[in-house]
Amino acid sequence: MCPVVWRNWARTASADPELVARPESDEEVAALVRWAAARGTRVRAVGAGHSFTDCAVTDGVLLDLDAMDGVEHVGPPAPDGSREVRVGAGIRLHRLCRELAARGLALENMGDIDRQSIAGAISTGTHGTGARLGGFATQVRAVRLVTAAGEVVEADATRHPEVFELARLGLGTAGVLTAVTLRVVPAFTLEAHEAPRPLAEVLEAIEPTDGSGLVDAHDHVEFYWFPYTDVALTKINDRAGTGAGPLHPLRRLLDDEILSNGALTLTTELCASVRAFTPTINRVAARALGERRYTAPSYEVFTSPRRVVFREMEYAIPRDRVVPALREVDAWLRRTGENVPFPVEVRFAAADDVWLSTAHGRDTAYVAVHQARRLPYARYFRAVEAIMTEHAGRPHWGKLHRRRAEDLAALYPRFDDARRVRDAVDPDRVFGNAYTERVLGR
Ligand SMILES: Cc1cc2nc3c(=O)[nH]c(=O)nc-3n(C[C@H](O)[C@H](O)[C@H](O)COP(=O)(O)OP(=O)(O)OC[C@H]3O[C@@H](n4cnc5c(N)ncnc54)[C@H](O)[C@@H]3O)c2cc1C
């Protein structure tokens with residue numbers, strides 16, 4: 001038994017694999033997969049271990065692709081300036097952003113941290129915010145993967161198109177990704193405008209879906225609503241700036257490290273000890289960061305450090321359901337008085353055509369609930385899950401939830417196609433684990 005015990009960031013999943021390997025080439029990955037398959041041992045690839053679910057867990061062979069993290073190829077520019085860039089599947093997003101920036105390029109959209117690997121991010125449907133934009137999987141143009149048969153396959157919209165669909169978002173069930181080709185855009189700066197606003201005003205502004213509302217008027221809109229308060233902290237990022245300058249490094253340190261991370265550690269500890277403090281602390285926290293405008297390279301605006309460990313569940317619901325859904329969450333919290341010192345995060349994405357994307361076929365709002373590590377989360381998350389289920393919610397594949405393949409199938413029009421491809425490429429479930437069985441079926 002290998003002494004290495006793998007444990008993920010949120011401490012929500014751990015594994016004691018039989019073997020942890022760090023292959024450096026496709027051939028090594030293929031040899032490991034063939035060796036495992038011949039012994040009847042299962043295989044999972046792991047990225048940064050930043051999923052809250054046990055999607056990367058195995059008691060078999062765990063493949064860590066950290067060593068496969070180079071930039072393999074940069075394609076010529078398309079008329080719109082975008083390019084296709086092929087990178088090793090293990091590359092972390094922060095390194096990818098730096099490599100792209102050095103070439104005058106950038107990812108079109110990102111989530112709120114940059115610690116993940118590109119393979120892990122696409123495999124769980126990781127997304128950012130932007131009503132005209134999709135998640136990471138929509139930026140993928142091709143993949144190279146090692147199949148359960150130990151073969152190296154290139155897949156894209158024309159070569160093995162169905163395998164490509166499952167590989168670009170399929171929890172690693174199509175095979176081990178060794179390289180990912182992304183569509184990237186010329187480097188750009190974003191002007192960020194962050195401000196606390198009355199929740200009622202924000203809900204009214206996001207409600208219209210006919211193009212006249214806040215969400216369509218800007219490139220990237222998100223907000224954090226603090227339970228038991230009527231305040232939402234809005235974060236609006238646009239390319240066409242009004243000329244705001246960069247953020248002073250000391251202000252960034254104050255906001256990101258001292259107010260966001262340091263104060264959050266303190267307030268969640270306080271709230272965990274004394275429940276009565278929570279509404280007041282949430283009110284203070286909602287206003288503490290204050291208003292700020294600044295301009296910075298896109299990847300610095302999209303992401304920020306997250307040092308406080310929390311639990312998270314996130315649901316994708318049709319965009320026009322987000323206001324009633326939030327009102328129901330608010331009503332439940334006020335009725336039960338559940339101790340929740342963490343904000344609810346709301347983001348947006350355009351409908352896409354990726355088979356297992358949480359935004360498949362519908363303009364989407366994402367509602368994410370968080371809970372401090374020291375506090376119970378089950379009752380809160382179950383209540384929110386019940387509300388989101390009523391609104392045809394699809395759970396984020398990498399965040400906590402309790403849904404099963406039987407009911408997820410009804411939410412994804414191409415679910416059966418994904419299962420059919422999985423049956424064809426991995427009939428013996430070399431790449432299966434308990435999580436894939438629960439959410440995709442045996
Ligand atoms: C603090 C924090 C902030 C987050 N912010 C966001 C956010 O803004 N938006 C969002 O949508 N999500 C967010 N997430 C969730 C996170 O982006 C996803 O869970 C993502 O999958 C984590 O990437 P990872 O590299 O850690 O993957 P892992 O958790 O290691 O793996 C995820 C899945 O990918 C598979 N996988 C990994 N590598 C490969 C490979 N080479 N080949 C095949 N399969 C592979 C694994 O087997 C597993 O099924 C956040 C998570 C945390 C902890």
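## Tour: from the ligand outward

Select Gly 47: one of its polar backbone atoms is 2.7 Å from an oxygen atom of the ligand. The protein buries 99% of the 970 Å² that the ligand exposes when taken alone. Those areas come from the Shrake-Rupley method with a 1.4 Å probe, and for residues only the protein chains shown count as cover.

Before moving on, note that this is a predicted model, in which local features need pLDDT of at least 70, side-chain atom pairs count only at pLDDT 80 or more, and totals for chains, interfaces and linings use all residues. Residues are numbered from 1 along each chain as its sequence is written, and side-chain values use heavy atoms, with hydrogens and water left out.

**Stop 1: the ligand shell**

Stay at the ligand and select Ala 48. Its backbone has an N or O atom 2.9 Å from a ligand oxygen. Next, pick Ser 117, where a side-chain N or O atom lies 2.8 Å from an oxygen atom of the ligand.

Now show the whole shell. It holds 36 residues, and the closest are Ala 45, His 50, Ser 51, Asp 112 and Thr 124. A residue is near the ligand if one of its heavy atoms lies within 4 Å of it. Colour the shell by class: 15 residues are nonpolar, 16 polar and five charged. Here Ala, Val, Leu, Ile, Met, Phe, Trp, Tyr, Cys and Pro count as nonpolar, Asp, Glu, Lys and Arg as charged, and the others, Gly among them, as polar.

Which element gives the most to this shell? It is α3, with four residues. Helices (H or I, at least four residues) and strands (E, at least two) are DSSP runs, numbered from the N terminus.

**Stop 2: helix α4 and Ala 155**

Select α4, residues 161–168. Six of its eight residues are buried, meaning under 20% relative accessible area (exposed is over 50%, partly exposed in between; 1.4 Å probe, protein chains only). The buried ones are Val 163, Phe 164, Glu 165, Leu 166, Ala 167 and Arg 168. They pack against α3, β9 (140–146), β10, β11 and α13.

Step over to Ala 155, in strand β10 (residues 152–156). Ala 155 is buried, at 0% relative accessible area. Not counting residues up to four places away in sequence, Ala 155 touches Ala 142, Val 143, Leu 145, His 160 and Phe 164. Contact means heavy atoms within 4.5 Å.

**Stop 3: helix α5**

Select residues 199–206. Leu 199, Val 202, Leu 203 and Ile 206 are buried here. Look down the axis of α5: the buried residues fall within an arc of 100 degrees, so they line one face. The arc is that of the directions from the helix axis to the C-beta atoms. Turn to the face away from the buried side to find the exposed residues Ala 200 and Glu 204. Then add the cover over the buried residues of α5, which includes β12 (189–198), α10 (322–336) and β17 (344–349).

**Stop 4: Arg 429**

Finish in the loop between α13 (415–425) and α14 (434–440), where Arg 429 is found. Is Arg 429 buried or exposed? It is buried, with a relative accessible area of 11%. Draw the 2.6 Å polar contact between the side chains of Arg 429 and Asp 423. A polar contact is a pair of N or O atoms within 3.5 Å; within protein, one must be able to donate a hydrogen and the other to accept it, and residues adjacent in sequence count only if both atoms are side-chain atoms. Add the backbone oxygen of Asp 426, 2.9 Å from a polar side-chain atom of Arg 429.
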